[in-house]
Amino acid sequence: AFKAAVLIQQWYRRHVARLEMRRRCTWRIFQSIEYSCEQDQIKLHNFFSYLMDQFTPSSSKERDFISRMFISGESYKEAELEKYCDYESIEVPDSYTGPHLSFPLLPDHATALLEAFQQKQQLHARYVLNLLHETRKHLKQLPNISHVSTCYSEEITVCGDLHGQLDDLFLIFYKNGLPSPSKSYVFNGDFVDRGKQSLEILVILFTFLLIYPKEVHLNRGNHEDHMVNLRYGFTKEVMQKYKVGLCLCLLYYVRYAFRRLDLLFSFSQVHGKKILRMFQNVFCWLPLATLIDQKVLIIHGGISDTTDLDMLEKIQRNRFVSVLRLKKRKESSGKPQIQAINGESESGTDAAPRLSLQPQSAQAPSTANRREFSRWLRQTVQEQIDTCRRLVDISESEPEELTYSSMVSLKDVDEPCWTRQEEWKQVLDILWSDPMPQEGCRENKVRGGGCYFGPDVTEKFLEKYSLQFLIRSHECKQEGYEFCHSRKVLTIFSASNYYEIGSNRGAYVKLGPDLIPHFVQYQANKTAHLLTMTQRQGFLVALFAKISRVEESAFRALREKLFAHTSALISAFKSYDRDNTGKITLSNWATAVESVLRLGLPWRMLRPQLVRSAKDGMLEYKSWLDDLAMEQRSQEHIQSSLLEVIYRNRSNLETIFRIIDRDHSGLISFEEFQQTWKLFSSHMNIELTDDGINDLVRSIDFNKDGNIDFNEFLEAFRLVRQCP
């Protein structure tokens, strides 16, 4: 009996170890593909930024288009933004049965919103715009780093990424309680994208923020960025819920309120764009960090060896609407020019006056005297601003509203000035960086933004600012949280089932006056509560089934990634098949695949799941690629070569489409396409007349409705996109 018990114990441990190994491999696949997509997003954005830098507009219309391509809510003046998002002019029809809001908000309003969203109801556009208007006013008065104390509440709850998963937020509130004077929360960014209910999460969080401004604190994440939202879903979600989706409701309302048809049509056509614009502007006003008891710093991403809290405290955070975009000053014939940053206008064409940065009033003092140089620099910049105002006929009579950042800047006028590049890097690092086990600090090439920081960087940073530890998010963790750097860095992630149902737990952390973290883990699975007690007893069976399901999803995504790079893989395989036998060793197969995909995966370990047949350690790579193509063609009946291009470029093409579609209507106008094509043609040195471009755009408009939809856009490349 004893030997049998030992044998069963050994079998159980081996089985659990194998399951854990499979789980880690599956996790590595999901994470590598996710970071690869983020690299693609940044590369695509840099490409468009390069086009913008190099393209010389030939008319005022082209200049307007260029300035609008990456423009955001920041470019609106206060009065213009108020007029543009005039919520008071929007009428709420009698047929509206959703929640109503009145300001100032009360706890009952928050409860009504929670109940309405649980019932899949939608908040009217008037109330959304009004909420965003009030949220923006509140955020503008907040410092860049929020200061929180445990003296005023029993404990502070810190939540990580939610990514549009409303069920996780409901579960947090169910387990931990709603925000209240005795229940403080810090939500550490990445509220939006990927999930389908990002808008509802923001509405709930902003509502609690206005009701309990001292108990609810929001940090900005790297996904609170309108350029990131173009790719990962928030832009599409807002436009569908407040435009496309409501158009479908017209037929329903027509027989009950025919007289309101014009109103509903106007509501569906206009307000989505206004709501999106307001969200973009609100995002840039979100605080960058939260400091608890001057001992625990909460930031979304991480730090670098140059992170400076003093600088972060004083910069004007609203200038960085998109952290991805910073156009640097470039030299031309030895004379500096000012280029656009975050959508600001650019000079440098014959049609527009050129501004010089050379001082007209006095010669630049020596940089050795930093205070004197700082005063001279501010005087020179003010002269250039006055010149710009005169050129574009901007009156100075309109008073500028004081914000916390501007008051800090006025108070510290004798402090050294930082360049926009230095300030941008500070924000980029705290939103995009990740910790690493190795010493030092290096560029984060995996994500394409921010940096990797080691334990030595963490130790120096904590010592410099007398901190106990850092709390950050930004990375999905299997258990919902993870310590690193000798428990000095805590990662908290609150979106459960992030990659697939069962892939990970969510978690939040609670801190009391002793600042000792207490974790609560959960998994928002709608089917979990339906399991009977008998089903729950089969732990190993259930665990194995869950891992198998998640594992299959991961390998399916990986096989799609491999198929999308078929052409490059063939070239890599042929470099090892010098005798043209059509076969390579499995070792060479693993090396070649990594050289093409660069995902950093253990290909030799994954090989049994990806390569089903290999004789004598040799792989017939053409047959293997044919099997991949056959698997994908079974899902989409398209020619193999075209399908490969779809899988490789679908996300990029959709992001390009949304960048060109400036009004987010789901359609590209002829003018938008013409101006964008001029960008591409100037980059590719293709001479094409206006008549030639007009012929091209008309040929792409297959249904001749005067616009280009996404399927027509793909068809121009001989592609077909089929919705899943």
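## A tour of the predicted model

Begin with residues 441-453 and display the backbone: β10 and strand β11 (residues 451-453) pair in the antiparallel sense, over 3 bridges. Within this pairing, select Arg442, whose bridge partner in β11 is Tyr452. The model is a predicted one, and each stop below should be read in that light.

**The sheet of three strands**

Widen the selection to the sheet around this pair. The sheet is open, with 3 strands in the order β9-β11-β10 and mixed pairing. Its edges are β9 (434-435) and β10 (441-443), each of which pairs on one side only.

**The sheet of six strands**

Next, colour the open sheet of 6 strands, which has the order β1-β5-β6-β12-β14-β13 and mixed pairing. The edge positions belong to β1 (145-148) and β13 (481-484); each has a single partner strand, so one side of each lacks a neighbour in the sheet. On average, neighbouring strands here are turned by 20° against each other, direction ignored.

Now centre the view on β14 (residues 489-492), which has partners to be inspected in turn. With β13, strand β14 pairs in the antiparallel sense over 4 bridges. Two residue pairs can be picked out there: Phe483 has Leu490 in β14 as its bridge partner, and Cys484 has Val489. Follow the chain through the hairpin of β13 and β14, where 4 residues lie between the strands, and stop at His485, which takes a positive phi near 55°.

Then select β12 (residues 469-472). This strand runs parallel to β14, and 3 bridges join them. Ile471 stands opposite Leu490 in β14. Strands of a sheet pair through backbone hydrogen bonds, in either the parallel or the antiparallel sense.

Show the side chains of β14 before leaving it. Val489 and Thr491 point one way from the strand, while Leu490 and Ile492 point the other way; all are buried. In a regular strand, side chains alternate between the two faces of the sheet.

**Salt bridges**

Turn to the charged side chains. The structure holds 13 salt bridges. Side chains of opposite charge can pair when their charged atoms come close.

Select Asp434, Arg447, Arg472, Glu475, Lys477 and Glu482 together: a network of salt bridges links them. Within it, examine Lys477 and Glu475, which form a salt bridge with their closest N and O atoms 3.8 Å apart. Lys477 is buried, at a relative accessible area of 11%, and Glu475 is buried as well, at 10%.

Move on to Arg319 and Glu423, a salt bridge in which the closest N and O atoms are 2.1 Å apart. This pair links distant parts of the chain, 104 residues apart: Arg319 is in the loop between α12 (309-314) and β7 (331-332), and Glu423 is in helix α15 (residues 420-432). Glu423 is buried, with a relative accessible area of 7%.

For a pair within one helix, select Lys137 and Glu134. Their salt bridge has its closest N and O atoms 3.7 Å apart. Both residues lie in helix α5, 3 residues apart, which is about one turn of the helix. Lys137 counts as partly exposed, with 39% relative accessibility.

**The nonpolar cores**

Helix α5 also leads to the largest nonpolar core. This core has 60 residues, of which Leu123 and Phe187 touch the most other members. Elements that each supply at least two of its residues include α4 (107-118), α5 (125-140), α6 (166-176), β3 (184-187), α9 (234-248) and α11 (261-283). The greatest contribution comes from α7, with 10 residues.

Centre on Leu123 and display its contacts. Leaving aside residues up to four places away in sequence, Leu123 touches Tyr96, Pro99, Leu101, Leu113, Phe117, Val128, Val203 and Tyr242. Apart from this core lies another, of 37 residues, among them Tyr499, Ala592, Leu599 and Leu610. In soluble globular proteins, nonpolar side chains tend to be buried together.

**The annotated region**

Finish with the annotated segments. UniProt, in an unreviewed entry, places the feature "domain: EF-hand" at residues 564-599, 648-683 and 688-723. Select residues 564-599: the chain there is 67% helix and 8% strand, and the end C-alpha atoms are 14 Å apart.

Terms used
Residues numbered from 1 in each chain as written. Predicted model: local features only at pLDDT ≥ 70, side-chain atom pairs only at ≥ 80, totals over all residues. Heavy atoms only, no water. Core = buried A, V, L, I, M, F, W, Y, C linked by side-chain atoms within 4.5 Å. Buried < 20%, exposed > 50% of the residue type's maximum accessible area, 1.4 Å probe, protein only. Contact = heavy atoms within 4.5 Å. Salt bridge = Lys/Arg side-chain N within 4 Å of Asp/Glu carboxyl O. Pairing = 2+ DSSP bridges. Axes fitted to C-alpha atoms, helices over the stretch in contact; angles between N-to-C directions. UniProt positions renumbered as here; feature names shortened; annotations may be inferred.
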